[in-house]
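Dear colleague,

Please find below the structure that I am handing over to you, together with its sequence. I should be grateful if you would read the notes that come after it with the model open.

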Amino acid sequence: MTELQSHPINLGDWDPHVFEAHGQELLRMIRDHFEHIRDLPVTSDISPKELIGLFDKPLPEKPEPFSSTLDETWSKVIPHLTHWNHPSFHAYFSISASFPGILADLLISSLNVNAMVWQSAPAASALETVVLRWMAEMIGYPPSEDGVLINGASLATFYALAAARDLHSDLNVRTEGLTGRTIPRLRLYTSDQAHSSVDKAAIALGIGTQNVVRVPTDENYRLIPAKLEETIQSDLQRGYRPMAVVATVGTTATGAADPVTPVSNICQRHGIWLHIDAAYGGFWNLVPEVRKNAEDLSLGDSVVVNPHKCLYTPLEVTALYCRRKDALANTFRLVPEYLQTVKKDGSIDYMDFSLQLGRSFRALKLWWVIRSFGREGLADRMQESLRLARWLASEVDKHPDFICPATSPFALVCLRYVPQSIQAAWKQATEEQRAALRQYVDQLNKKLLARLNESGSTFASHGVIRDGYMIRISIGNIHTTEDDIQKLWQMLQELGSKVRENLPSPLEQ
Ligand SMILES: Cc1ncc(COP(=O)(O)O)c(C=O)c1O
């Protein structure tokens, strides 16, 4: 037997003590980052070319000291990020990685378990079962139904709609596919405010965007059930096959909630799958004053909620629930020989509920966050965001030069800068004059948002609704305070006056 020669240099990982020392230094830097986060611009306006140039070095051949990598991370990476965890981040939907969630991510990577099947990660699968139940209770979905943690709401909608499609067992799409044969035209219904992930799911499922029917919404941007019924009837007469309705609780533009009960009645009457996209709105059910008037999520055959949006848990974690027993597994269960395991009573193989095989230990961060704050602590924090949003909305309403073009039951404020003189002129204006006024107000608001974001003090985003271009302020970061929102309101007013000075209105021309 030849003797095995040791490699001349140490090929292993860092010594655990070196890891600990670097880890302590990193934690110190993260603490400092949070202590001074308000001094940091929320966004960076460096050009892509310049930014890539900062990092565009030859592939490192030799090891570099970690301290220099860490230093460059702080000097070059962090200043050029959009800081989603900043208390003044109000764009899209404001989110938070809370400290217990951040620490959990460190442990998740340290353990690096793969929660494919029960055997590959028993405690990860057990915790997934438990946190799914806890969150179902929080949102008002039956806790014993099927559920799975995945990486985002877009994929959740895709998975739910795949299961809805396969429920049409006469079509046998899972085995025979969609090509090379004639099958009825499958139709999806959703509101004109629903997220683009519904269209993406239709693309990926072979249903096609032409078969996504966008149902009109009312003055509050909620789907109109009578229009849904009308559309379904007309499709049935044409021989089309209604496959699913997607209702939204917390629409992306205005945070509206579709009327789930009448929509569910229509679905039940026609035997259509109801998927509820509650990615943003679902966890607001934790707040008693929201829950009192909330839509009933338990009516959904499937429901998606995003703990990485509202539940203070770092990206990426989404929960998909499905009360059609085994429907997700009937679509996605496919077990090759090497993954065959002996089933134990109560074991769940979470790979059966989605396309993803390798799955990180997402449940741990939810378990830590939920236990660290408790249901009450989570609800209190969300309630505070809601209080700040209500305060801002009331200030906007009182101001002569601003309006709220839409209201949300959640902590999202939609506003539009419309100088009083324009509001007065609008009342007397002809259709043609109104078009010019609207265009002017759109320009004002685009400029206002651009100036606001250029300031670096905050970051907000926009939406376009029937009234036109509007600014959205989403409030939900765990560190956001009353003072932050007061300063933001002050800036909006000051910048509103400034952009108006530089943009002559149609009334002055
Ligand atoms: C209502 C709604 N649904 C779905 C999504 C997609 O979420 P994700 O980024 O988790 O795929 C979003 C994104 O903001 C959303 O606003």
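The notes below describe the domains, the ligand site and two points of the backbone.

Please bear in mind throughout that this is a predicted model.

To begin with the overall layout, the protein is divided into three parts: domain 1 spans residues 16–81, domain 2 covers 114–360, and domain 3 runs from 372 to 501. Between the C-alpha centres of domain 1 and domain 2 there is a distance of 38 Å.

The ligand occupies the second largest pocket. Around the ligand there are 13 residues, and the closest of them are A153, S154, T252, D277 and N306. By character, this shell consists of eight polar, three nonpolar and two charged residues. Two helices, α6 (153–166) and α12 (307–310), each contribute at least two residues to the shell.

Which atoms of the protein come close to oxygen atoms of the ligand? For A153, a polar backbone atom is 2.8 Å from an oxygen atom of the ligand. In the case of T252, a polar side-chain atom lies 2.9 Å from a ligand oxygen atom. For H308, an N or O atom of the side chain is 3.4 Å from an oxygen atom of the ligand. On its own, the ligand has 390 Å² of accessible area, of which the protein covers 82%.

Two details of the backbone may also be of interest to you. The peptide bond that joins L315 and E316 is cis, with omega at about -5°. E316 is located in the loop between α12 and β7 (318–322); α12 is also one of the helices that supply residues to the ligand shell. The second detail concerns N172, a residue other than glycine whose phi is positive, near 50°. N172 belongs to the loop between α6 and α7 (173–176), and α6 likewise supplies residues to the shell around the ligand.

With kind regards

Technical notes: Residues numbered from 1 in each chain as written. Predicted model: local features only at pLDDT ≥ 70, side-chain atom pairs only at ≥ 80, totals over all residues. Heavy atoms only, no water. Near = heavy atom within 4 Å. Polar contact = N/O pair within 3.5 Å; in protein donor to acceptor, adjacent residues only side chain to side chain. Areas by Shrake-Rupley, 256 points an atom, 1.4 Å probe, with all protein chains shown as cover. 1 Å grid on protein atoms, 1.4 Å probe; cavity = no way out; pocket = protein on both sides within 12 Å on 5 of 7 lines; lining within 4 Å. Sits in = over half its atoms within 2 Å of the grid points. Helix = DSSP H or I, 4+ residues; strand = E, 2+ residues; numbered from the N terminus. Nonpolar A, V, L, I, M, F, W, Y, C, P; charged D, E, K, R; others polar. Domains from an automatic or database assignment.
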